[in-house]
Amino acid sequence: MSLLECKNLSKRFGQFEALKPTNLRLEKGSPIALIGPNGAGKTTFFSLLCNYIQPSSGDVHILGERIDSPNIQGRLGSLPQDAQLDRELSIVQQLSFLARLQGFGKAAARQEAERVLSLVDLNDSLNKKPQALSHGMNKRVLFAQALIGNPELVLLDEPTAGVDPNNARMIRNIIEQQSQHQTFIISSHNIAELEKLCQRVLYIEQGVLREHHSQEHSSGNVAVIELELRNEQAQHLQDSLHTLTAFQSASSRTPRQLSIRYDAQEKKFDQQLLALLSQQGIEYQQLTKGLSLEEQLFAQKPDKAE
């Protein structure tokens with residue numbers, strides 16, 4: 001039984017084809033990123049999966065069931081990008097109500113509300129109303145509602161948009177923890193964040209949805225190392241890289257980040273690079289072989305004029 005299966009799935013709004021015919025099969029496992037520019041069709045795709053809108057053609061099966069089947073209840077959770085809380089009701093009242101809609105009894109619904117609020121470290125805010133919480137805390141409450149009933153598939157649309165780094169990090173940590181028994185599909189414009197969370201990627205552009213397969217760390221005769229330094233010494237290191245015989249070129253995205261290209265035939269280049277860092281007294285935070293996800297997706301696409 002697959003996690004998700006789309007057969008010839010499409011959606012039109014008048015003459016506009018928001019999602020072109022799509023055939024896709026996904027299995028349970030690690031979080032899945034959904035990436036694409038504004039207007040690409042991400043929200044349309046999520047809305048189809050949640051049965052908020054009806055497809056123009058094709059169908060969707062989630063966990064072996066049609067999306068309009070009552071057997072899906074409690075097995076699919078979602079956090080829409082524009083989700084909001086009711087300002088007149090306490091947090092626990094709202095989450096209890098949502099749990100009741102999933103079939104929980106009154107007492108069990110209260111317990112489930114407390115459980116998911118504990119997951120997002122807000123069990124001391126049970127009786128508060130949304131206006132008493134910060135924006136980041138409200139976002140965590142909305143994230144918590146997507147976890148009610150321990151759904152097997154959770155759809156998250158921009159789960160960390162507009163929140164501070166601490167709240168964003170907490171949400172990422174919870175996703176990593178819950179991924180042991182739940183599968184997440186996460187839509188976000190923050191590609192660096194998705195790269196930390198997701199090993200699988202769906203890319204959508206102009207209504208065309210495809211599964212992106214990560215490139216290996218080398219391509220032909222050129223290999224790539226992504227290096228993140230602890231301090232702003234990228235330029236200093238870049239001036240010294242020419243001493244490594246296999247080095248070809250380097251580009252600096254920030255004062256702490258370098259993308260280094262070298263001859264793929266040199267199998268010990270990473271060791272030579274680490275030796276150079278030690279000689280220069282430069283501390284590094286992360287070293288990754290291969291192109292970043294952003295580079296893989298957009299390196300071959302010329303920037304469009306504004």
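The following paragraphs describe the predicted fold of one protein chain, from its overall dimensions to its sheets, one helix and its nonpolar cores.

The model is predicted, so that local features are reported only at pLDDT of at least 70 and side-chain atom pairs only at pLDDT 80 or more, whereas totals for chains, interfaces and linings use all residues. Residues are numbered from 1 along each chain as its sequence is written, and side-chain values use heavy atoms, with hydrogens and water left out.

The protein chain contains 9 helices and 15 strands, where helices (H or I, at least four residues) and strands (E, at least two) are DSSP runs numbered from the N terminus. Along the principal axes, its C-alpha atoms fill a box of roughly 70 × 45 × 40 Å. Of the 306 residues in the protein chain, 45% are buried; buried denotes under 20% relative accessible area, exposed over 50%, and partly exposed the range in between (1.4 Å probe, protein chains only). Contacts (heavy atoms within 4.5 Å) between residues at least 6 apart in sequence join, in 70% of cases, residues at least 24 apart.

One open sheet comprises 6 strands in the order β6-β7-β8-β3-β9-β10, with mixed pairing, two strands being taken as paired if DSSP finds at least two bridges between them. Its edge strands, each pairing on one side only, are β6 (76-79) and β10 (208-212). On average, neighbouring strands of this sheet are turned by 15 degrees against each other, direction ignored. Axes are lines fitted to C-alpha atoms, for helices over the stretch in contact, and angles run from 0 to 180 degrees between N-to-C directions.

Within this sheet, strand β7 (residues 153-157) pairs with β6 in the parallel sense over 4 bridges, and L153 of β7 is the bridge partner of L76. On β8, which runs parallel to β7 and is joined to it by 5 bridges, I185 stands opposite L155. Because 5 of the 5 residues of β7 are buried, this strand is largely enclosed by the rest of the structure. L153, L155 and D157 point one way from β7, while V154 and L156 point the other way, and all are buried. In a regular strand the side chains alternate between the two faces of the sheet.

A second open sheet has 4 strands, ordered β2-β1-β4-β5 with antiparallel pairing, and its edge strands are β2 (16-26) and β5 (65-66), each of which pairs on one side only. Strand β4 (residues 57-62) and β5 run antiparallel and are joined by 2 bridges, with R66 in β5 as the bridge partner of H61. Helix α1 (residues 42-49) lies across strands of both groups: it crosses β3 (32-35), β6, β7, β8 (183-187), β9 (200-205) and β10, running at about 150 degrees to β7, and also lies across β1 (4-13), β2 and β4, running at about 120 degrees to β1.

Helix α5 (residues 165-178) has 14 residues, which at 1.5 Å a residue should span 20 Å, and its end C-alpha atoms are 20 Å apart, in agreement with that value; the expected span is 1.5 Å times one less than the number of residues. The buried residues of α5 are N167, A168, I171, R172, I174, I175 and Q178. They cover an arc of only 160 degrees around the axis, which puts them on the same side of α5, the arc being that of the directions from the helix axis to the C-beta atoms. The face turned away from this buried side carries the exposed residues P165, N166 and R169. Elements covering the buried residues of α5 include α3 (106-119), α4, β7, β8 and α6 (191-197). In helix α4 (residues 135-145) is found M137, which touches N167, as well as L122 and S125, when residues up to four places away in sequence are not counted.

The largest nonpolar core has 36 residues, of which L95, F143 and L156 touch the most other members; such a core is a set of buried Ala, Val, Leu, Ile, Met, Phe, Trp, Tyr and Cys residues joined through side-chain atoms within 4.5 Å. Leaving aside neighbours within four places in sequence, L156 is in contact with F46, L79, F143, A146, I175, F184, I185, I186 and S187. Apart from this core lies another, of 27 residues, including L9, L24, I72 and L76. In soluble globular proteins, nonpolar side chains tend to be buried together. Elsewhere, E226 in strand β12 (residues 222-229) counts as buried because its relative accessibility is 9%.
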